[in-house]
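Trainee: I'd like to learn how to read a structure I've never looked at before. Could you walk me through one?

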Amino acid sequence: MKVTISDVAKAANVAKSTVSKVLNDSPKISAETKLRIREIMKQMNYTPSSIATGLARQRSHTVGLLVDMSKESEFLNQFFYNIIGGIESVIGPLKYELTICNVQHSDEEGHFLNRLVLNQRVDGIIANNSVLTKELSMELDRLDFPYVSIGEIDAPASWVDFDNEAGGRMLTSHLLQQGYIRPAFIGGERDERIFTRRLNGYLQAMQQAGLSAREDWTVNVRADEHEGYRAARELLSSEEQERPDSVVCMTNYAAFGVLKAARELGIEVPGQLGVAAFDEYPLSRYTTPPLTSLNIDTFKLGVTSGQWLMDRIQGSGMASRHMQLEPELIVRESSAKKQLS
């Protein structure tokens, strides 16, 4: 039986009008009461009629792009602005506005579900998979609220991503084809899906070549210049026959740190060490030597996510579809294998 507003009011021991005011985020209701009633709604699996039917009737003509402002990597990079440009190129001609929304997982009162979804301030949401937790995805699915994930997620929702396993295979296979036989993998944290996918591609390429990947040559660190440098100094300080002869880097920031460490240790790049990295921007073509990397068309990522979300909002799109875009290998000097005299 469908749970009604009367059922919620009875369970919370308040009037129906109080529940209605909570749904409308009335300032007349205390934060404590709002939190208590919203928790009861969640426990009872209550879907407000305004969400179930009103969204099809009322439009804000606004799309929310969720960002965790506590993570600089979420918004202080070229990819973020390319994605915004791709989304805007789709929704702008349809007379929709894009609003950047800071996600505050620890703030129940200011949580985006309350601020944006239940209060109908946006018609749909686009978010990185690092923001869309399993619990949030389940709640959005329960509300049948339009959203698209940028990055693969374990949910019925639509997501668009790059084929990170293919990218790992491409970079590793390229180094092996150049004559390197002992590639390491630097960067990425174990709980990141993107790291797992990229590492799997590296391991697959090694296996296909009949080579064994040394576990101690997979270094889990934050994929930035400082940690890339520190990891490379440690790996490359051994005797030449005991150290990697090449490195696949999680990002070109990590690769920049690897190049710096190699330069300080007097290790020639390329030749004694080959380096290749995910991500073309912003450093790859400007490093010394220029960096072999993968070009990932993040503008297209934004376009696809915007198109799918608008299809869903306008009722013409499938509830769930998935796409993996192919990266492009750009070969530069850092991975060339020179004959040593």
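Mentor: Let's go through this predicted model a feature at a time.

Trainee: Let's begin with the overall make-up. How many helices and strands does the chain have?

Mentor: Counting them gives you a first map. Here there are 12 helices and 12 strands. The chain has 341 residues, and 50% of them are buried. Now look at contacts with a separation of 6 or more: 72% of those join residues 24 or more positions apart.

Trainee: Next, the sheet. In what order do the strands of the open sheet lie?

Mentor: You read a sheet by walking across from strand to strand. This one has six strands in the order β7-β6-β8-β9-β10-β12, and the pairing is mixed. β7 (218-219) and β12 (328-330) each have a single partner strand, so each is left with one side that has no neighbour in the sheet.

Trainee: Which way do β6 and β8 run relative to each other, parallel or antiparallel?

Mentor: They're parallel: four bridges link β6 (residues 183-186) with β8 (residues 246-249). To see one pair up close, find isoleucine 186, whose bridge partner in β8 is cysteine 249. Then look for what packs on the sheet. Helix α9 (residues 193-208) does, touching β6, β7 and β8, and its direction makes about 175° with that of β6. Helix α10 (residues 225-236) packs on the sheet as well, where it touches β6 and β7; the angle between its direction and that of β6 is about 150°.

Trainee: Now for empty space inside. How many cavities of 30 Å³ or more does a search of the whole structure find?

Mentor: The general idea is that rolling a probe the size of a water molecule over the atoms shows where empty space is left. In this structure the search turns up two cavities of 30 Å³ or more. The largest holds about 40 Å³ of space, and the second largest has a volume of about 30 Å³.

Trainee: Which element gives the most to the lining of the largest cavity?

Mentor: That's α12, with three residues. Both α12 (298-313) and β4 (147-150) supply at least two residues of that lining. Among the lining residues are Tyr147, Val148, Trp308, Leu309 and Arg312. By class, the lining divides into six nonpolar, one polar and two charged residues.

Trainee: And what lines the second largest cavity?

Mentor: Its lining includes Phe162, Asp163, Arg198, Phe278 and Pro327. The classes there come to five nonpolar, two polar and two charged residues.

Trainee: Let's try single residues. Is glutamate 152 buried or exposed?

Mentor: For this you compare the relative accessibility with a cut-off: under 20% means buried. Glutamate 152 has 13%, so it counts as buried. You'll find glutamate 152 in the loop between β4 and β5 (158-162). Leaving out residues up to four places away in sequence, glutamate 152 touches Asn129, Trp159, Asp161, Arg193, Arg197 and Gln324.

Trainee: Where is aspartate 311 found?

Mentor: Aspartate 311 is in helix α12, the helix that gives three residues to the lining of the largest cavity. With a relative accessible area of 26%, aspartate 311 is partly exposed.

Trainee: How far apart are aspartate 311 and proline 146 in sequence and in space?

Mentor: Check sequence and space separately. These two residues are 165 residues apart in sequence, and their C-alpha atoms are 9.4 Å apart in space.

Definitions and conventions
Residues are numbered from 1 along each chain as its sequence is written. This is a predicted model: local features need pLDDT of at least 70, side-chain atom pairs count only at pLDDT 80 or more; totals for chains, interfaces and linings use all residues. Side-chain values use heavy atoms; hydrogens and water are left out. On a 1 Å grid over the protein atoms alone, a cavity is a set of points where a 1.4 Å probe fits but cannot get out, and a pocket is an open set with protein on both sides within 12 Å along at least five of seven lines; lining residues have an atom within 4 Å of a point. Grid points are joined across faces, edges and corners, and a volume is the space filled by probe spheres set on the points. Ala, Val, Leu, Ile, Met, Phe, Trp, Tyr, Cys and Pro count as nonpolar, Asp, Glu, Lys and Arg as charged, and the others, Gly among them, as polar. Two strands pair if DSSP finds at least two bridges between them. Contact means heavy atoms within 4.5 Å. Axes are lines fitted to C-alpha atoms, for helices over the stretch in contact, and angles run from 0 to 180 degrees between N-to-C directions. Buried means under 20% relative accessible area, exposed over 50%, partly exposed in between (1.4 Å probe, protein chains only).
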